[in-house]
Amino acid sequence: MVVQRRLVPFWALFAAFLLFAAAENTFGVRDNLHFSLESRNTNTDGSVPIYKDPNAPIEDRVNDLLPRMTLEEKVSQLIQGDLNGWMDLTDPLDDTLVFNETGLEEMMRLKGGSIWAGYLTPYEKLVFAINVGQHYLMENTTLGIPALFQSEGLHGFTDNGTIFPSPIGLAASFDTDLVSQVASVASDEAEGLGITHMFAPVLDLSRELRWGRVEENFGEDPFLTGEMGHAFVSGMQNGRRRNTSETAIARVAATYQVRAGTVSMDSIDGAVKGILRAKFALGLFENPYPYEDYLSSIRTPKSKEILHTADTESIVLLENRGSTLPLSTNLSAIALIGPQVDRVTFGDYVFLNASKKGITPLAGFKQHLANVSSATKINFAQGCELWSNDESGIQDAVEAARNSDVAVVMVGTWSLDQTNLWAPGTNATTGEHVDLSDLRLVGAQLALVQAVKEAGKPTVVVFVSGKPVAEPWIQAHVDAVVQQFYPGEMGGLAIAEVIFGAVNPSGKLPVSFPRSVGTTPAFYNYLKGSRPLDPGFVLDDGTLEFGHQYVLDSPIPLWSFGHGLSYTTFNYTDLTLSTSTIKQSEDFNVSVTVHNTGSVAGKEVVQVYITDLVSSTVTPNQELVGFQKVEIPAGESKTVMIPVLSSQLAVWGVQNKWVVEPGVFAVKVGTSDVVFAQTNLTVT
């Protein structure tokens with residue numbers, strides 16, 4: 001994986017180095033400047049080089065340093081190195097503090113700009129390794145350019161840091177402030193250890209649901225993805241590393257890209273400038289070292305509080321027939337059934353044995369019932385394995401359901417940690433390099449759900465998954481359905497709190513759920529006219545009702561983007577625009593009053609969608625242009641104002657450029673498949 005992230009192909013840069021070196025005996029360093037080739041880290045007049053002045057503007061420091069660098073030094077900034085160049089990291093438990101000096105020198109000579117350090121290793125060893133590397137660069141190289149030390153932080157710092165819900169789950173919260181806090185915790189935990197660059201977030205769109213890495217993204221919508229990505233990067237970078245100057249403007253760099261193309265000196269210089277800017281902005285030239293008190297920022301009470309909030313707010317209530325949920329804590333017995341009950345299922349990009357840090361749903365239900373002094377008995381039966389067609393355990397599950405007041409069946413997909421995910425002989429259904437041809441439940445899981453439902457007790461299905469599960473039978477027949485995208489460490493407790501109503505679910509789907517893999521793509525913002533509706537059906541008794549789109553199925557998703565129920569009810573009134581007519585470059589605001597008409601407090605995600613009614617080129621049938629999550633006490637209301645930029649109305653026109661065209665736009669609040677209120681906007 002590390003090799004795939006190299007910024008520019010090494011062979012091309014090395015060839016360029018040989019070419020330039022042969023042509024110039026200065027090895028790429030300009031002559032006739034204010035420093036000598038013999039002492040490039042000083043000025044000939046004895047003054048301090050600008051690049052060493054912590055108070056000088058960053059751009060001045062970059063422009064002072066770049067001419068002092070040889071081509072070899074520039075190329076070294078562009079090639080990703082690896083901590084294993086001077087450390088033995090084969091055993092994740094080994095804490096031996098020794099290093100290979102020859103390996104260190106060679107790694108820093110050839111690949112000293114950025115060092116991959118995303119290993120599971122004891123903190124003391126990681127800190128030792130980074131200190132060795134940074135001290136060598138600062139004290140034993142001519143120019144003293146520190147390195148970026150890199151790790152993963154997709155949903156928490158991967159070297160034994162706090163594990164949060166996978167990004168698809170964070171997106172389900174529709175809470176940018178929360179996502180920013182999550183990223184800040186990951187940054188806090190990594191920063192003290194000397195990590196200065198995190199490979200996160202991932203901003204691909206989850207529109208091809210067979211793809212293994214759906215869990216790593218923020219969903220199918222570009223606006224939601226952009227807002228979540230911005231929040232994540234802001235949380236990760238905001239602040240300043242310790243003992244740095246006022247010119248430092250960040251503490252950990254999120255993933256960035258440098259320009260690559262023809263390997264000319266100008267393109268190399270441009271790429272190197274970008275890296276140097278990042279290092280100056282991080283204050284690394286003043287303090288690139290780990291902090292002595294690095295443990296003080298890892299797994300703090302504050303981070304646990306944020307984790308708990310993230311785990312609860314990422315849960316989505318999909319169906320709730322007859323107000324089956326929330327369950328009463330006065331039940332005599334509850335059946336917990338399924339292969340996801342007594343296991344911790346995290347998404348990919350977690351460390352080896354990470355599941356030991358989490359709470360299983362079984363333990364979470366026990367903990368919650370104890371917390372509320374409930375005498376409700378738990379009848380647990382696994383029923384089947386995630387990965388097997390063996391149905392021999394289903395009868396035990398049916399008996400557990402019959403002996404209980406209600407059955408909660410937990411099924412879904414699974415991934416593995418970054419060690420086991422790549423190990424021969426292991427299995428998973430989501431994660432990097434794990435792609436599917438089918439979106440149904442694997443093995444005996446559907447048969448388990450059907451048998452439990454047949455037992456005659458109210459049945460709640462919880463999908464624990466990294467992507468949508470396409471099981472229309474479950475949507476049509478069970479009493480309630482809950483979606484828990486791969487959770488964080490407190491996911492087992494969070495799902496119990498939601499099921500019993502201690503937490504009112506507030507998540508919304510960041511991705512639509514198709515009826516089958518054959519009805520994909522299912523994303524909500526399809527182009528007008530591209531999804532005709534003339535569905536057919538296969539009824540429970542086998543009767544065939546034929547249609548055309550599709551012959552025996554429907555393109556309408558089981559649950560669409562933005563969908564998510566609550567234990568309370570909301571009503572929308574007084575939809576207004578700051579102006580009903582705008583010019584092409586004029587922004588506007590959408591205001592609406594949201595009433596909590598139920599009996600409990602709840603959080604609602606107010607979503608604003610736009611449709612360009614007539615345009616010069618084909619446009620999506622609707623597009624999300626704004627959202628805001630608000631908490632409203634029972635019986636009260638709040639007026640929400642959401643700004644919309646005129647640029648969000650632009651289309652890619654016939655002149656091959658973005659343009660806001662005059663015309664009428666429909667503005668609605670609701671979800672992608674339900675309209676709560678609607679009005680029109682005119683652009684002149």
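Which residue in β10 is the bridge partner of V409? In β10 that partner is V461, and the pair appears in the second view below.

**View 1. Confidence across the predicted model.** This is a predicted model in which local features need pLDDT of at least 70 and side-chain atom pairs count only at pLDDT 80 or more, while totals for chains, interfaces and linings use all residues. Residues are numbered from 1 along each chain as its sequence is written, and side-chain values use heavy atoms, with hydrogens and water left out. The mean pLDDT (the predictor's confidence in each residue, from 0 to 100) is 93 for the protein, and 94% of its residues reach 70 or more. Over residues 1–25 the pLDDT is below 50, and this stretch has 37 contacts in the model beyond near neighbours in sequence; a contact means heavy atoms within 4.5 Å. Where pLDDT is low, the predicted coordinates should not be read in detail.

**View 2. Strand β9 and its two parallel partners.** Helices (H or I, at least four residues) and strands (E, at least two) are DSSP runs, numbered from the N terminus. Two strands pair if DSSP finds at least two bridges between them. Strand β9 spans residues 406–412, and 7 of its 7 residues are buried; buried means under 20% relative accessible area, exposed over 50%, and partly exposed in between (1.4 Å probe, protein chains only). In a regular strand the side chains alternate between the two faces of the sheet. From β9, V406, V408, M410 and G412 point one way, A407, V409 and V411 point the other way, and all are buried. Strand β10 (residues 459–465) runs parallel to β9 and is joined to it by 6 bridges. Strand β7 (residues 333–337) also runs parallel to β9, with 4 bridges, and I334 stands opposite V406.

**View 3. Strand β7 between covered faces.** Strand β7 is largely enclosed by the rest of the structure, because 5 of its 5 residues are buried. A333, A335 and I337 lie on one side and I334 and L336 on the other. Strand β8 (residues 377–381) is joined to β7 by 5 bridges, and the two run parallel. In that pairing I334 stands opposite I378 of β8.

**View 4. Strand β11, with a parallel and an antiparallel neighbour.** All 6 of the 6 residues of β11 are buried. A480, V482 and Q484 point one way from the strand, whereas V481, Q483 and F485 point the other way. With β10 the strand runs parallel over 6 bridges, and V462 has V482 as its bridge partner. With strand β6 (residues 315–320) the pairing is antiparallel, over 5 bridges, and L317 stands opposite V482.

**View 5. F485 and its surroundings.** F485 is found in strand β11 (residues 480–485) and counts as buried because its relative accessibility is 0%. Not counting residues up to four places away in sequence, F485 touches I168, G169, A172, S465, G466, K467, L509, P510, V511 and F513. L362 is 123 residues from F485 in sequence and 17 Å from it in space, C-alpha to C-alpha.

**View 6. S303 in helix α10.** S303 lies in helix α10, residues 301–313. With a relative accessible area of 4%, S303 is buried. Residues up to four places away in sequence aside, S303 touches T162, F164, V185 and E189.

**View 7. The open sheet of five strands.** The 5 strands of an open sheet follow the order β15-β23-β22-β17-β18, with mixed pairing. β15 (581–582) and β18 (623–632) stand at the edges, each with a single partner strand, so one side of each is left without a neighbour in the sheet. Strand β17 (residues 602–612) pairs with β18 in the antiparallel sense over 9 bridges. V605 has K629 in β18 as its bridge partner.

**View 8. A nonpolar surface patch with F546.** V538, L544, F546, V551 and L552 make a nonpolar surface patch of about 450 Å². Patches are made of residues with over 30% relative accessible area and no salt bridge, like charges being joined within 9 Å and nonpolar side chains (Val, Leu, Ile, Met, Phe, Trp, Tyr) within 5 Å. A salt bridge is a side-chain nitrogen of Lys or Arg within 4 Å of a carboxyl oxygen of Asp or Glu. Accessible areas come from the Shrake-Rupley method with a 1.4 Å probe, and for residues only the protein chains shown count as cover. F546 is found in the loop between β13 (544–545) and β14 (570–577), and counts as exposed at 59% relative accessibility.
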